[in-house]
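Visitor: Hi, could you walk me through this model? I'd like to go over a few residues together.

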Amino acid sequence: MRILALLLLLLPATACVTVPRPRAAILLPPSVWPQDTLLHWYDIEGDTEAELRAQLDARGPEGHDAYTAWHVTWKFPFLQTEEGCTTGPVTTAVRVNVTLPRWKGPADERDPLVRRWRRYLDALKEHESGHRETGFRAATDITETLPALPPKPTCEEAEEAANTAAREVLERYRAGDIAYDAETRHGATQGAVFP
C-alpha cells in the first residue's frame, strides 16, 4: 500500500482543466437613441457565427433579427368659426419600441467574433433608426395635415374628418416602412448581415 501511495506521489500531476472565458453582454451604448425610444433585448447564446445565426433565426422578433414599432397619437381642440368647425393646433406623441439581440460573448473586445458582432449591431441600429424616424415624420405630417382640412358644419364631422386624415397619414408611412425594408433588404444594404 505504501508503494502505491509513493508511486502516486511521484507521478506528474497533469490534468486537463477547461477555464471558461470571461463573458460580457455586447450591447449598444444606452445613449444610442433618445429617451423617447424604449429598447427591448432578447438573449441569444453561442460561440460561433453559425450558433449565433441559428439563435437569431429562432428567437428574433417578428421573424427578423430586430424590430421597431412606432405608435403615433394626436389630439386637438376644436375651433369654431363662421365657416364651420375645424381643428385647432394639433399635438402629437410618438412612442417607439426597438427590439434587438443581446449576446454574452467573450469579454475581450479584440476577439474577431466580438468585433463582427459590434459592426453588425451598429448596422442594425442604423437600419432600425430609419424605422424610428418614419414614426416621427408621420407625426409631423399629421400636425401639418389636420389644421389644413376645410371646416365642417359640425365639430363631430370635423373630428371624424381629422381622425380619418390622420389614419391615412399613418397608413402612408407604414407603407413607407415596408418600402424601406424592401429597398434595404431589411438592413442588408446597410451592413446588417450576420454572419
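**A chat about the model**

Guide: Happy to! Let's begin with Asp181, which touches His127, His131 and His186, not counting residues up to four places away in sequence; contact means heavy atoms within 4.5 Å.

Visitor: Before we go on, what should I know about the model and its numbering?

Guide: This is a predicted model, in which local features need pLDDT of at least 70 and side-chain atom pairs count only at pLDDT 80 or more, while totals for chains, interfaces and linings use all residues. Residues are numbered from 1 along each chain as its sequence is written, and side-chain values use heavy atoms, with hydrogens and water left out.

Visitor: What is the mean pLDDT of the protein chain?

Guide: The mean is 87, and 86% of the residues reach 70 or more; pLDDT is the predictor's confidence in each residue, from 0 to 100. Over residues 1-19 it stays under 50, and the model has zero contacts for them beyond four places in sequence. Where pLDDT is low, the predicted coordinates should not be read in detail.

Visitor: Back to Asp181, then. Which side chain of opposite charge is nearest?

Guide: That is Arg185, 11 Å away, and Asp181 is buried without a salt bridge. Buried means under 20% relative accessible area, exposed over 50% and partly exposed in between (1.4 Å probe, protein chains only). A salt bridge needs a side-chain nitrogen of Lys or Arg within 4 Å of a carboxyl oxygen of Asp or Glu. For charge, Lys and Arg count as positive and Asp and Glu as negative, with His and the chain ends not counted.

Visitor: And Arg185, is that buried or exposed?

Guide: Arg185 counts as exposed because its relative accessible area is 56%. Its phi is near 50°, a positive value in a residue other than glycine.

Visitor: What about Thr134, buried or exposed?

Guide: Thr134 counts as buried because its relative accessibility is 3%. Leaving aside neighbours within four places in sequence, Thr134 is in contact with Trp70, Tyr173 and Asp177.

Visitor: Which side chain makes a polar contact with the side chain of Thr134?

Guide: The side chain of Asp177, at 3.2 Å. A polar contact is a pair of N or O atoms within 3.5 Å; within protein, one must be able to donate a hydrogen and the other to accept it, and residues adjacent in sequence count only if both atoms are side-chain atoms.

Visitor: One last thing: which peptide bond is cis?

Guide: The one from Phe194 to Pro195, with omega near -5°.
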